[in-house]
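Hi everyone, thanks for making time for this. I'd like to walk you through one structure, so please have it open while I talk.

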Amino acid sequence: MRRILIALLVPLALAACGAERTWAPDTEVQRSLYRDAGPPTLTLFTVISNQNGSGGHSALMVSGSQRAIFDPAGTFKHPALPERNDVIFGMSDKAVQFYKEYHARVTWRVVSQEVQVPPEVAEAALRRIQEYGPVPKAFCAQATSEILSGLPGFGHVPRGFSPLAVMRAFGEVPGVRRGEFRDESPANNDFIKAPAVL
């Protein structure tokens, strides 16, 4: 009885929290699939306030048989990049750069942490992000940490609501390469125009 009640209440809770269901058609997803020529990797993106150092957003990019980004409860959109429940497909190098430019401005910077993983870990991550479902607002770190903590080599990542805690734990994985992207654009990113081709 308890399981039935939970099954009935979860969709209502998600709707109340603003989880957005998006499901691009198969033709769009297949047309946009991108595979990077390099080794399989996981990349954690953390958006950090330049004013007080707090964490504003977490997202996870997976590069394996294809490269896609899990952008839980994110607002990033592009007409050439189909989305299915917070998973954005077709993440070419140009698309990744645009993703960082979208989030970085005078008030925010984007920290990237990339680590090479075995192919089976990358494929498990791709499955997990596609099975996770839409994420309610403010649950980005919770969703990202839940994905990571279930992967081999990332069990130490704490589940929770702090993007900074996820970032610190991810940084403990051997071989992580850290990058930082800054942009002095205005605080309001409404001015950003999506490039026609990515």
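Let me begin with a bit of vocabulary: when I sort residues by type, Ala, Val, Leu, Ile, Met, Phe, Trp, Tyr, Cys and Pro count as nonpolar, Asp, Glu, Lys and Arg count as charged, and the others, Gly among them, are polar. Please also keep in mind that this is a predicted model.

With that vocabulary, let's go to the empty space. Rolling a probe the size of a water molecule over the atoms shows where empty space is left. Searching the whole structure turns up one cavity of 30 Å³ or more. The largest cavity holds about 70 Å³ of space. Ten residues line the largest cavity, and those nearest its centre are E20, A73, G74, D86 and K137. How do the residues of that lining divide into nonpolar, polar and charged? Two are nonpolar, three are polar and five are charged.

Now for the packed parts. In soluble globular proteins, nonpolar side chains tend to be buried together. Here the largest nonpolar core has 35 residues, and L42, V62, F70, I129, L148, L151 and F154 are the ones touching the most other members. Which elements give two or more residues to this core? They are β1, β2, β3 (67-70), β5 (87-89), β6, α4 (119-132), α5 and α6. The top contributor is α4, with six residues. If you click on I129 and skip residues up to four places away in sequence, you'll find that I129 touches V62, A68, F70, V87 and I147. There is also a second, separate core of 17 residues, with M61, M91, A95 and F181 among them.

Let's follow the strands next. β1 and β2 run antiparallel and are joined by eight bridges. One pairing to look up is L44, whose bridge partner in β2 is L60. The hairpin of β1 and β2 has five residues between the strands, and in that hairpin G53 takes a positive phi near 75°. As for β2, seven of its nine residues are buried, so we can call this strand mostly covered.

Moving on from β2, four bridges join this strand to β3, again antiparallel. Three residues sit between β2 and β3 in their hairpin. Here M61 has I69 in β3 as its bridge partner. On the far side of that pairing, I69 stands opposite I88 in β5, and β3 and β5 pair in the antiparallel sense over three bridges.

A word on side-chain directions. In a regular strand the side chains alternate between the two faces of the sheet. In β3, R67 and I69 point one way while A68 and F70 point the other, and all of these are buried.

What about the helices? Let me start with α5. Nine of its ten residues are buried, so α5 is largely enclosed by the rest of the structure. The buried ones are C140, A141, Q142, A143, T144, S145, I147, L148 and S149, and they pack against β1, β2, β3, α4 and α6.

Helix α6, residues 163-170, is mostly covered too, with six of its eight residues buried. Those buried residues are P163, L164, V166, M167, A169 and F170. Their cover includes β1 (41-49), β2 (55-63), β6 (108-116) and α5 (140-149).

To see α6 meet a strand, zoom in on T46, which is found in strand β1. Is T46 buried or exposed? With a relative accessible area of 0%, T46 falls under the 20% cut-off, so this residue is buried. Leaving aside neighbours within four places in sequence, T46 is in contact with H57, R109, V110, V111, Q113, P163 and M167. In that list, P163 and M167 are buried residues of α6.

My last stop is helix α3, residues 93-103. Its buried residues are A95, V96, F98, Y99, K100, Y102 and H103. What covers them includes β1, β2, β3, β6 and β7 (177-181). You met A95 earlier, as a member of the second core.

That's my tour, and I'm happy to take questions.

Conventions. Residues are numbered from 1 along each chain as its sequence is written. This is a predicted model: local features need pLDDT of at least 70, side-chain atom pairs count only at pLDDT 80 or more; totals for chains, interfaces and linings use all residues. Side-chain values use heavy atoms; hydrogens and water are left out. Buried means under 20% relative accessible area, exposed over 50%, partly exposed in between (1.4 Å probe, protein chains only). Contact means heavy atoms within 4.5 Å. On a 1 Å grid over the protein atoms alone, a cavity is a set of points where a 1.4 Å probe fits but cannot get out, and a pocket is an open set with protein on both sides within 12 Å along at least five of seven lines; lining residues have an atom within 4 Å of a point. Grid points are joined across faces, edges and corners, and a volume is the space filled by probe spheres set on the points. A nonpolar core is a set of buried Ala, Val, Leu, Ile, Met, Phe, Trp, Tyr and Cys residues joined through side-chain atoms within 4.5 Å. Two strands pair if DSSP finds at least two bridges between them.
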